[in-house]
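Subject: the structure I promised you

Hi,

Here is the structure we talked about, ready for you to open in your viewer. Have a look around first, then read on for what turned up.

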Amino acid sequence: MRLYFGGGSDVNGAELGTDWNDRLSLRFSKLVSNNFYAEEYNVSVGGGGNHRTVRQLLTDFRPISSYDAVIIGMTSKYRTEYHDGKDWKRVKVIGNTPSKWWLENKLSTQKEERDFWREYFRIHSDEFFTFNERMYHTTIKNYCKLHNVPLILIGRREISDLEFDFCFDEPWISKAPKGHPDEAGHRAIADRINSILLFNRDFQKKL
């Protein structure tokens with residue numbers, strides 16, 4: 001059995017333990033995979049956005065049908081990425097509702113292509129990012145449905161009104177100081193995912 005996990009820092013295990021090995025053993029993707037004796041395939045990255053998540057999901061070196069379930073954590077709609085000719089570069093927007101001034105004057109200093117981002121965000125609008133978020137949300141759902149792969153979609157209610165199986169900012173998930181799920185929070189998330197998968201008919205057939 002093989003399980004696919006994608007998303008940002010919540011899925012990646014930010015604020016867990018004291019080193020990288022702690023994070024790998026404590027995050028919910030490992031706990032869920034262990035529960036089903038499955039191979040854990042976690043391609044999340046801190047600061048990653050929905051564009052990266054969908055790009056990786058659609059272009060993974062394995063066909064999506066080779067996974068027994070997909071678990072995705074969507075992130076802020078304002079995050080994005082671009083390709084500089086060599087590599088994909090993350091654009092990590094800080095805050096849930098950044099102002100246009102911040103986008104034009106602060107975001108452009110994060111990356112080397114300052115002029116590009118300054119001009120890009122002069123035509124920024126909430127409608128643009130909101131519709132992008134909806135397209136990513138729909139793409140993830142329809143892609144998994146097309147290939148009959150069970151999907152669990154997780155969000156953050158504080159930054160999105162789309163439909164999710166549950167959200168990282170719900171009160172039953174305890175938090176670390178910077179707001180990511182803590183160790184107990186990851187255990188609670190793993191328990192919820194395990195329960196959802198066990199009641200999914202398509203997943204039951206794979207057990």
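To get you started: is Glu39 buried, partly exposed or exposed? With a relative accessibility of 34%, Glu39 counts as partly exposed. Before you go further, keep in mind that this is a predicted model.

**Salt bridges**

Side chains of opposite charge can pair when their charged atoms come close. There are seven salt bridges in this structure, and Glu39 takes part in one of them, meeting the side chain of Arg2 at 3.1 Å from N to O. Arg2 sits in strand E1 (residues 2-6) and Glu39 in strand E2 (residues 39-42), so this pair ties together parts that are 37 residues apart in sequence.

Glu40 has a partner too: Arg27, with the closest N and O atoms 3.4 Å apart. Again the pair links distant parts of the chain, since Arg27 is in the loop between helix H2 (20-26) and helix H3 (28-35) while Glu40 is in strand E2, 13 residues apart. Try colouring these two by accessibility. Arg27 counts as buried because its relative accessibility is 5%, whereas Glu40, at 22%, counts as partly exposed.

Next, find Glu81 and Arg55, whose side chains form a salt bridge at 2.7 Å, N to O. Here the link runs from strand E4 (residues 80-83), home of Glu81, to helix H4 (residues 50-59), home of Arg55, and the two are 26 residues apart. Glu81 is buried, at 8% relative accessible area. Salt bridges with shared partners also join Arg2, Glu39 and Arg62 into one network.

**A pocket to explore**

Rolling a probe the size of a water molecule over the atoms shows where empty space is left. The second largest pocket has a volume of about 160 Å³. Which elements each supply at least two residues of its lining? They are helix H7 (126-146) and strand E6 (151-155), with H7 giving the largest share, four residues. Sorted by class, the lining has five nonpolar, one polar and four charged residues. Among the residues to click on are His137, Lys141, Phe164 and Asp165.

Val149 also belongs to that lining, and its C-alpha atom is 8.8 Å from that of Ser66, although the two are 83 residues apart along the chain. You'll find Ser66 in the loop between H4 and strand E3 (69-73), where it counts as partly exposed at 24% relative accessibility.

**Two odd backbone angles**

Asn148 has a positive phi of about 55° although it is not a glycine. This residue lies in the loop between H7 and E6 and, at 56% relative accessibility, counts as exposed. Tyr37 also has a positive phi, near 50°, and is likewise not a glycine. Look for Tyr37 in the loop between H3 and E2; its relative accessibility is 77%, so it counts as exposed.

**One helix to finish with**

How many residues does helix H8 have? H8 (residues 183-198) has 16, and it reaches 23 Å from its first C-alpha to its last, close to the 22 Å expected at 1.5 Å a residue. Its N-terminal end is capped by Asp182, which has a side-chain oxygen 3.2 Å from the backbone nitrogen of Ala184. The buried residues of H8 include Gly185, Ile189, Ile193 and Leu197.

Have fun with it!

How values were computed: Residues are numbered from 1 along each chain as its sequence is written. This is a predicted model: local features need pLDDT of at least 70, side-chain atom pairs count only at pLDDT 80 or more; totals for chains, interfaces and linings use all residues. Side-chain values use heavy atoms; hydrogens and water are left out. On a 1 Å grid over the protein atoms alone, a cavity is a set of points where a 1.4 Å probe fits but cannot get out, and a pocket is an open set with protein on both sides within 12 Å along at least five of seven lines; lining residues have an atom within 4 Å of a point. Grid points are joined across faces, edges and corners, and a volume is the space filled by probe spheres set on the points. Ala, Val, Leu, Ile, Met, Phe, Trp, Tyr, Cys and Pro count as nonpolar, Asp, Glu, Lys and Arg as charged, and the others, Gly among them, as polar. A salt bridge is a side-chain nitrogen of Lys or Arg within 4 Å of a carboxyl oxygen of Asp or Glu. Buried means under 20% relative accessible area, exposed over 50%, partly exposed in between (1.4 Å probe, protein chains only). The expected span of a helix is 1.5 Å times one less than its number of residues. A polar contact is a pair of N or O atoms within 3.5 Å; within protein, one must be able to donate a hydrogen and the other to accept it, and residues adjacent in sequence count only if both atoms are side-chain atoms.
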